[in-house]
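Reader: Hi! I'm new to reading protein structures, and I'd love some company while I look at this one. Could you walk me through it?

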Number of protein chains: 2
Amino acid sequence: MKKQGIGIGLLGIGVVNGQVARVLEDKKGLLAESVGCPLVLRRVKVLPQDLSRPVVKEMDPGLFTTSEEEFFMTPEIDIVVEAIGGEHPAFEYLKKVLSAGKHAVTSNKEVIAKHGTELIAEAQKNRVGLLYEASVGGGIPLIAPLQNSLVANRISAIYAIINGTTNYILTRMSKEGMEFSAALKKAQEMGYAEANPRDDIEGIDATNKLAILASLAFQRQVLPGDIHHEGISRMSSHDFRYARELGFAVKLLAIAKQSENSIEVRVHPVFIPEDSFLAKVDGVYNAIQVEGDLVGKVLFFGEGAGAYPTSSAIISDVVTLAKIVVQGTGYEDRRKFNLDRSIKPMSEVETRYYLRISTVDRPGVLAQIARVLGDRKISISSAIQKGTDIQNQTAEIVLMTYPAREAAMQQALQELSSLGVVQEVSNFIRVEA
Amino acid sequence: MKKQGIGIGLLGIGVVNGQVARVLEDKKGLLAESVGCPLVLRRVKVLPQDLSRPVVKEMDPGLFTTSEEEFFMTPEIDIVVEAIGGEHPAFEYLKKVLSAGKHAVTSNKEVIAKHGTELIAEAQKNRVGLLYEASVGGGIPLIAPLQNSLVANRISAIYAIINGTTNYILTRMSKEGMEFSAALKKAQEMGYAEANPRDDIEGIDATNKLAILASLAFQRQVLPGDIHHEGISRMSSHDFRYARELGFAVKLLAIAKQSENSIEVRVHPVFIPEDSFLAKVDGVYNAIQVEGDLVGKVLFFGEGAGAYPTSSAIISDVVTLAKIVVQGTGYEDRRKFNLDRSIKPMSEVETRYYLRISTVDRPGVLAQIARVLGDRKISISSAIQKGTDIQNQTAEIVLMTYPAREAAMQQALQELSSLGVVQEVSNFIRVEA
């Protein structure tokens with residue numbers, strides 16, 4: 001046991017690590033009791049502009065350094081918490097920490113999604129831990145349960161709502177009939193979407209998080225580049241109206257499935273049955289449903305972001321590692337990630353589809369559309385003709401299909417667009433049962 | 001590292017441990033990889049009548065013994081899994097295991113609820129682990145997340161649906177308008193309720209589980225006897241009809257709250273808003289909502305019982321302990337349970353109430369009822385008069401109140417019953433917001 005306490009170093013002092021620093025101070029008694037030894041903040045690596053942050057003013061000025069050298073050379077640091085975000089220099093920093101034989105905790109989804117396998121291998125080599133509970137789902141206990149509590153299971157599927165920004169936007173669109181741009185503006189006003197919201201609304205953030213979950217659940221390296229992703233900007237109030245009429249909710253879902261020979265990983269808007277649990281997850285909440293051979297279906301739900309929940313996850317990782325420092329043993333992690341990724345191409349994925357097509361209002365249009373789909377062996381399960389616009393002589397046709405292959409659907413969509421009677425294929429959305 | 005493997009002993013070979021034995025066999029490769037060493041079943045303590053079970057016939061006959069002596073004297077056992085259920089002799093067995101310096105895993109909610117504090121202290125004294133993930137919520141990761149992932153949080157409240165039998169019955173009553181006795185019969189036919197269903201329908205099973213959760217979350221000893229509990233047998237189809245009309249679902253909820261000075265723990269039927277997450281938990285599913293100061297609201301959902309999910313939880317506990325055996329360190333658990341229970345008496349609990357009262361059908365009845373409540377400082381938030389029975393000249397009055405103290409309500413209920421115009425107070429149900 002270290003009498004002088006377990007040394008903590010922070011990389012960055014933004015919203016997340018600012019809160020981590022506050023918890024280390026405010027809850028030091030509780031944490032010392034859990035660990036069996038105090039957790040002592042030793043050093044904080046900052047950028048010059050960070051020094052004006054309010055949280056910095058609350059803290060001992062001697063803790064801060066803008067020098068990488070000085071931070072990494074501080075010998076009394078046992079555990080480093082990285083929360084600077086982004087791929088670089090976070091990757092290089094974490095690698096340095098681990099190869100120096102120190103434990104690391106990170107909330108950085110991008111660096112774990114892209115470099116997790118390499119960083120975990122580096123940690124294993126040095127018998128230190130690299131924990132990243134905060135990287136997906138904010139404070140929801142998720143990574144530890146997947147890694148430990150479900151260890152006896154073969155995980156077959158994950159269905160997850162893991163981006164709060166898009167879920168907030170879709171919720172406003174659904175409940176208030178807003179269009180996408182108005183809902184996005186609202187999300188920005190509320191602080192739920194960034195000024196440049198691209199990473200969130202295009203599904204990139206969810207893709208990084210899915211790469212982390214799929215790698216962990218399947219013990220295979222799944223990279224963000226392996227994941228087909230589509231965003232929510234093409235969703236319109238029409239789609240929400242039809243969804244409701246047909247008994248569905250609209251969600252941006254991150255999906256990972258494992259079959260005998262391959263893995264299916266994708267992030268895109270879906271229709272899901274309105275009475276399913278995931279359909280009820282509204283606003284900035286996240287939910288992650290995991291299916292295992294023994295446990296069946298389990299679901300984890302909570303706030304997916306924010307300084308407080310994220311600090312809850314980070315501190316739990318710090319406590320886990322601090323206990324190992326106290327025990328004086330190394331961190332044991334025997335996972336081997338299969339590097340053969342065998343990702344199923346998106347073109348081979350099968351789902352049901354919802355299509356919304358703008359056509360001229362004339363007899364025989366539906367027959368022409370049905371023929372195009374039929375030629376591609378895509379069967380229609382139901383069709384609604386709605387919203388006839390008498391002035392412009394146009395109609396809106398909504399189709400639901402039986403399961404079809406993505407490749408066939410993409411070809412059909414092209415052919416439909418070029419039909420004389422079709423003005424536009426306004427949207428297509430995959431349906432998950 | 002033990003070359004000959006980690007020795008496992010099973011106490012009992014019923015539905016749960018039968019499945020545990022199968023998983024140890026079927027997944028031995030996966031488990032050995034996680035632990036770094038094989039898990040080897042060394043001995044199974046059975047009752048003579050167990051020897052005819054099908055799972056026994058699949059296994060090496062040399063593993064079985066009906067002798068306690070022989071089982072406890074087997075030196076190659078490192079971890080014992082107890083799944084015989086009930087208070088005795090499970091308590092004595094677990095105590096014996098722990099005091100002999102062996103780790104223990106149990107799915108037995110009754111023994112943990114009643115003797116957890118003592119058994120954990122015994123385990124701590126011997127630096128061995130006593131894990132009980134399977135005791136609440138079947139395979140849902142819950143105990144480990146509460147103990148580890150939420151370690152930085154002060155838990156303020158738990159709201160839990162933790163009895164599948166009653167939730168199945170309430171779901172049938174809600175969806176199909178069944179009466180209690182018919183729904184219970186259905187549950188028995190489906191194998192979701194036992195021939196003697198008392199422990200489930202009277203809320204005793206949920207009380208044991210809540211004692212475990214509250215003790216863990218608040219680090220205080222909470223015993224089943226501290227928990228006010230009521231069952232679901234008084235629920236009628238009328239209550240479900242009014243609940244729906246008023247925007248509520250009916251659930252048997254286990255509730256634990258922690259305030260500055262005391263703990264509130266109770267199990268009883270409640271009205272909860274129909275758009276809340278817990279309202280959507282149907283059938284034999286369980287869900288446990290936990291509120292912490294940092295993490296906010298998190299919820300865990302899944303199948304709350306069954307051999308497969310339960311074995312998932314047990315094996316994860318076995319793997320956790322097996323890793324510690326491999327490391328050769330003791331199990332470190334620094335928790336201290338506050339023995340000052342300071343349980344808030346039920347009479348001081350405040351909730352809103354739903355009352356259903358059968359009255360004579362005559363002007364001024366509502367005024368008389370309102371006066372009784374008003375005298376006890378209980379305010380009515382809404383009143384419905386329904387179901388006038390012209391032949392018998394009776395009416396049904398349904399009231400919702402503002403928050404009131406239980407003591408005042410109990411007095412009011414007595415006085416209402418003795419009013420001349422009141423035929424019967426047919427039901428009262430607490431409302432949770």
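Reader: Let me start somewhere small: which side chain does the side chain of Glu406(B) make a polar contact with?

Author: Happy to help, and keep in mind that this is a predicted model. The partner is Gln410(B), whose side chain is 2.6 Å from that of Glu406(B). Glu406(B) belongs to helix H15 of chain B, which covers residues 406–418.

Reader: Thanks! Is Glu406(B) buried or exposed, and why?

Author: Glu406(B) counts as buried because its relative accessibility is 4%, and the cut-off for buried is under 20%.

Reader: And what is Glu406(B) in contact with, leaving aside its neighbours within four places in sequence?

Author: With those neighbours set aside, the list is Met346(B), Ser347(B), Val349(B), Tyr353(B), Phe428(B) and Arg430(B).

Reader: Cool. Changing topic: what rotation superposes chain B on chain A?

Author: A turn of 180°, with 0.0 Å of shift along the axis, does it, and the RMSD is 0.0 Å. That is how a two-fold axis relates two copies. The same surface serves both of them, as 100% of the contact residues of chain B recur in chain A.

Reader: Which residue of chain B comes closest to the rotation axis?

Author: That's Phe300(B), with its C-alpha at 2.5 Å from the axis.

Reader: Now the sheet in chain B. In what order do the six strands come?

Author: They run E3-E2-E1-E4-E5-E6 in an open sheet, with parallel pairing. At the edges are E3 (64–65) and E6 (130–131) of chain B, each pairing on one side only.

Reader: How many bridges join E1 to E2 in chain B?

Author: Six bridges link strand E1 (residues 6–11) with strand E2 (residues 39–45) of chain B. As one example, Gly7(B) has Val40(B) as its bridge partner in E2(B). E4(B) and E5(B) also pair in the parallel sense, over four bridges, and Glu82(B) stands opposite Thr106(B) in E5(B).

Reader: Which residues of E5(B) are buried on its two faces?

Author: His103(B) and Val105(B) are buried on one side, and Ala104(B) and Thr106(B) on the other. That fits a general pattern: in a regular strand, side chains alternate between the two faces of the sheet.

Reader: Nice! Which strands does helix H13 of chain B lie across?

Author: Helix H13 (residues 307–327) of chain B lies across E1, E2, E4, E5 and E6 of chain B, at about 170° to E5(B).

Reader: What about chain A: at what angle do H1 and H13 pack there?

Author: Helices H1 (residues 15–26) and H13 (residues 307–327) of chain A pack at about 60°, and their axes are 9 Å apart. The crossing is right-handed. Contact residues include Val15(A) and Val20(A) of H1(A) and Tyr308(A) and Ile314(A) of H13(A).

Reader: And which residue caps the N-terminal end of H12(A)?

Author: Ser236(A) does, with a side-chain oxygen 2.9 Å from the backbone nitrogen of His238(A). H12(A) is followed by Gly247(A), whose phi is positive, near 85°.

Reader: Last one: why does Gln258(B) count as buried?

Author: Gln258(B) counts as buried because its relative accessibility is 17%, and buried means under 20%. Gln258(B) lies in strand E9 (residues 248–258) of chain B. A polar atom of the Gln258(B) side chain lies 2.7 Å from the backbone oxygen of Ile155(B).

Note on methods:
Residues are numbered from 1 along each chain as its sequence is written. Chains are lettered from A and ligands numbered from 1 in the order in which they are written. This is a predicted model: local features need pLDDT of at least 70, side-chain atom pairs count only at pLDDT 80 or more; totals for chains, interfaces and linings use all residues. Side-chain values use heavy atoms; hydrogens and water are left out. Copies are superposed by least squares on the C-alpha atoms of residues with pLDDT of at least 70 in both. Contact means heavy atoms within 4.5 Å. Two strands pair if DSSP finds at least two bridges between them. Axes are lines fitted to C-alpha atoms, for helices over the stretch in contact, and angles run from 0 to 180 degrees between N-to-C directions. A polar contact is a pair of N or O atoms within 3.5 Å; within protein, one must be able to donate a hydrogen and the other to accept it, and residues adjacent in sequence count only if both atoms are side-chain atoms. A crossing is left-handed if the near helix is turned anticlockwise from the far one by less than a right angle, and right-handed if clockwise. Buried means under 20% relative accessible area, exposed over 50%, partly exposed in between (1.4 Å probe, protein chains only).
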